[in-house]
Structure formats: C-alpha cells, structure tokens
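Let's walk through this one together, a stop at a time. Keep the 3D view open and click along as we go.

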Amino acid sequence: MLVEIARVVQWTTGLVAKQAVPVIAARPDLELVGVYAYSKDKVGKDAGELVGLDHALGVTATDDIDALIALRPDCVVYMPLHADVAHLTQLLRAGINVVTTAFVTGRMMSETDRLALDAAAREGGASLFGSGIHPGQTDMLAALASSICSDIYYVKVSESVDLTLWAAEPNQDELGWGRPKDDPGHKEDLAYATRIDKDSLDVIAKLLDIPLDDTRCEVELAHATKDIDIPGRPIKEGHVAGMDIRWIGTSGGADAVEVNLRWTLGTDLDVQWAPPEGFLLEVKGNPYVAVRMMFMPEDLTNLTVESMAAVGHLTTAMPVVNAIHAVVAAPPGIVTYADLAPMTAPFVPRPAAST
C-alpha cells in the first residue's frame, strides 16, 4: 500500500529512539501519532521531553497497546533492546507494519518464534523489516559491492571499534567485559549475546542467493595489561578488555560468508590487534573488492563524547526510519533487503555557507 504520509508510532524512547523521534517528527512524509513507553514514569509525558527536545511534540507516551493500535498507524518503529514476540505478533496481526532494530531476519530466534511472527504478519497483511547499521545496512552494502565482480567465493563484514564510549550502556552487559581470564562459559555466552549476527549472515546469503548449510561462532579474548578506569565499566588487570568474534556461514561444506566483530576497551591489551578502523566490507572474487566505512558527527569543529555516541545511535536508527515507506508498500510477512529496493535518505536543501 502506498501512502503519501505514513502514520508512525515510536516504540520505546531509549538512546536509539532519541535519534529517531526528532527525524520522524521533522519529516513531511511521516507523522508521529503515538509513543509506547515501558516505564511507568514515562507514561503521560510528551515525546519531545522524553527524547530531550526543547519543545513538545504533542504526542503523549502510553503503555496501552490497544490504544496505540486504535490509532491505526501505518508503521511502528520498534526499538527495544530485545524483541517481545507477543507484542510484535499483536501489532502485526492488527495489520500494522513494523520496522525494527531488535533483529533483522529472525534467524537468531527459535524457529517457533520466527514462524509465529511471519504467520502473524501474513494474517494481518503487514510487513516486518529489521535492520540497523550492523547487522543490516553493512550486509546489504557488502552484497551490493559484489555487483562489479564476475564471480565471488567469500564475503566478509568486519566491525572493528573501541567501545570505551559505549562501555557503560546496558547493551554491553551481556558481553562480559571484565570477566576473569579463562572464565568458564564466557565464549559460549558471547556466542549467545551476539547471536543476532546469524541474521547478518542470513542477509548476505539471501541477497547473494547463497544456500547456507550451517553457521558457527569462533571467539578469541584479549585481557587488560593494567587496571582500566572506565566510568560504569572498570576493568581489572588480567581481565577481559577485548574480544574477537567470528560468525561464519558455510555453503556446500565450505566457508562462504563471515561477520567479524573485534571490540576493545582501550589499547592496553595482551593481544596486539590492529587499531580499530570502523567497518570493512570485503568481497573475495574477481576482482577483490574492499569498502571501508566510518562515521563522524556532522559538526567536526566541536567533537564531544556525546556527539560521537549520538552518531552511533543515529546510524542504527536511520536504516529503519528510511525504510518505513518501502516496508508499508511491501508484501506481507518478514521482509529483508533482498525483498526491497535500495533505500536512501531524503534530500533536504540547505542555505549556502557564507564566505
């Protein structure tokens, strides 16, 4: 279904949503009609206040899902840290399209949950699309890079970043920063915490029509060579302060796609890894293709910790916000980048800079 102005409900008002809501409110082709809040202390507050704007948006947060469904939104922008299958199926069955940063294709979920979501979407005639900067956007761009090759045999997406700025955020709790060296079960816990990267492999494979046989996770850990004083996440000497996680998908018994996550807290590590460089997208074939991606705040003259952190949240939010119209028009069910045309940001002219 094509709509000139999509009616949007924002689901949660956390760090990523704080970047999404001002964009949605400012877009002439989107209308913010509702906001869902988990916390009782946020219910009844204006969306503008909840995302840190200096003005009200005239939309009050609620935890009443039925009331939000009654608004008949075209799309819910669903941004909790973890997906609630019961909430999602309720929205989809009601005929409401959903774009989310909580997962991408559903491979990370149990087959029961994934099939339940797809069935609810088809029953309601709605579409469910997941993305973010990674997994999601990086995987799509890596697949697109293969279009200049005659043939390919391996695709790899690498994320290499110092997470010190984000170390205290709740989404870092599962990773086990600061656990003792050789702590039993840590590598298995990391495989579980990063299982969303199964979705990343799935996106690449779907886009490139690679049949995946199996996936596996390999983990290498690095440890602090001295105490590291990070607010909210102090690390003792000899404890985990770096991790190299490789999710690998096989096809025909051979390794074919890979996602490599190399995360560190500073540089005082007992393993000498190359300096963090953002994202590297590699396509191995004829020819070999490498695309490096990095993100910086628009205003480079006044860099702050806050502005750098905000860019990370913005690049997570925008792939799904910019997908809203495409997803509203998409066929029912779980849809991925393989089902949608490439999406772009809107062009907004700006006055020429004075000289």
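## A walk through the model

Start with Arg 179 and Asp 183, whose side chains pair up in a salt bridge, 2.8 Å from N to O. Keep in mind as you look that this is a predicted model. Is Arg 179 buried or exposed? Its relative accessibility is 18%, so Arg 179 counts as buried, because the cut-off for that is under 20%. Asp 183 has a relative accessibility of 26%, and that makes it partly exposed.

While you're here, have a look at Asp 182. This residue isn't a glycine, yet its phi is positive, at about 60°. Asp 182 sits in the loop between S7 and helix H7 (186–193). With a relative accessible area of 65%, Asp 182 is exposed, because it is past the 50% cut-off.

Back to charged pairs. By the rule used here, the total is 19 salt bridges. The general idea is simple: side chains of opposite charge can pair when their charged atoms come close.

Now find Glu 258. Which residue does Arg 246 form a salt bridge with? The partner is Glu 258, and the closest N and O atoms are 2.8 Å apart. Arg 246 belongs to strand S9 (residues 240–251) and Glu 258 to strand S10, so this pair ties together parts that are 12 residues apart in sequence. Arg 246 is partly exposed, at 26% relative accessible area.

Glu 258 also meets the side chain of Lys 156 in a salt bridge, at 3.7 Å from N to O. Here the link is between distant parts of the chain: Lys 156 is in strand S7 (residues 151–162) and Glu 258 in strand S10 (residues 254–264), 102 residues apart. Both ends are out of the way: Lys 156 is buried at 18% relative accessible area, and Glu 258 is buried at 2%. Zoom out a little and you'll find one network, in which salt bridges with shared partners join Lys 156, Arg 216, Glu 218, Arg 246, Asp 255 and Glu 258.

Follow the chain out of S10 and you reach Gly 266, in the loop between S10 and strand S11 (278–286). Gly 266 is partly exposed, with 21% relative accessibility. Its C-alpha atom is 9.8 Å from that of Pro 276, which is 10 residues away along the chain. A little further on, check the peptide bond from Asn 286 to Pro 287: it is cis, with omega near 0°. Pro 287 lies in the loop between S11 and S12.

There's another cis bond to find, from His 134 to Pro 135, with omega near -5°. Pro 135 is part of helix H6. How many of the 13 residues of H6 are buried? The count is 11, so the helix is largely enclosed by the rest of the structure. His 134 and Pro 135 are among the buried ones, as are Asp 139 and Met 140.

H6 also takes us to the second largest pocket, since helix H1 (15–26), helix H6 (133–145) and H9 each supply at least two residues of its lining. The volume of this pocket is about 1000 Å³. Its lining has 33 residues, and those nearest the centre are Val 23, Leu 314, Met 318, Asn 322 and Ala 345. H9 gives the largest share, 6 residues. By type, the lining splits into 20 nonpolar, 8 polar and 5 charged residues.

Just ahead of H1, stop at Thr 12, in the loop between strand S1 (6–11) and H1. Thr 12 is not a glycine, but its phi is positive, about 85°. Thr 12 is buried, with 8% relative accessible area. Another buried threonine is Thr 89, at 10%, which you'll find in helix H4 (residues 85–93). Thr 89 and Ala 120 are 31 residues apart in sequence, with their C-alpha atoms 5.4 Å apart in space.

Last stop, the surface. Met 294, Met 296, Leu 300 and Leu 303 make up a nonpolar patch there, with about 410 Å² of accessible area together. Leu 303 lies in the loop between strand S12 (289–293) and helix H9 (305–321). Leu 303 is partly exposed, at 42% relative accessibility.

Methods: Residues numbered from 1 in each chain as written. Predicted model: local features only at pLDDT ≥ 70, side-chain atom pairs only at ≥ 80, totals over all residues. Heavy atoms only, no water. Patch = residues over 30% accessible without salt bridge, like charges linked within 9 Å, V, L, I, M, F, W, Y side chains within 5 Å. Areas by Shrake-Rupley, 256 points an atom, 1.4 Å probe, with all protein chains shown as cover. Salt bridge = Lys/Arg side-chain N within 4 Å of Asp/Glu carboxyl O. Helix = DSSP H or I, 4+ residues; strand = E, 2+ residues; numbered from the N terminus. Buried < 20%, exposed > 50% of the residue type's maximum accessible area, 1.4 Å probe, protein only. 1 Å grid on protein atoms, 1.4 Å probe; cavity = no way out; pocket = protein on both sides within 12 Å on 5 of 7 lines; lining within 4 Å. Points joined across faces, edges and corners; volume = space filled by probe spheres on them. Nonpolar A, V, L, I, M, F, W, Y, C, P; charged D, E, K, R; others polar.
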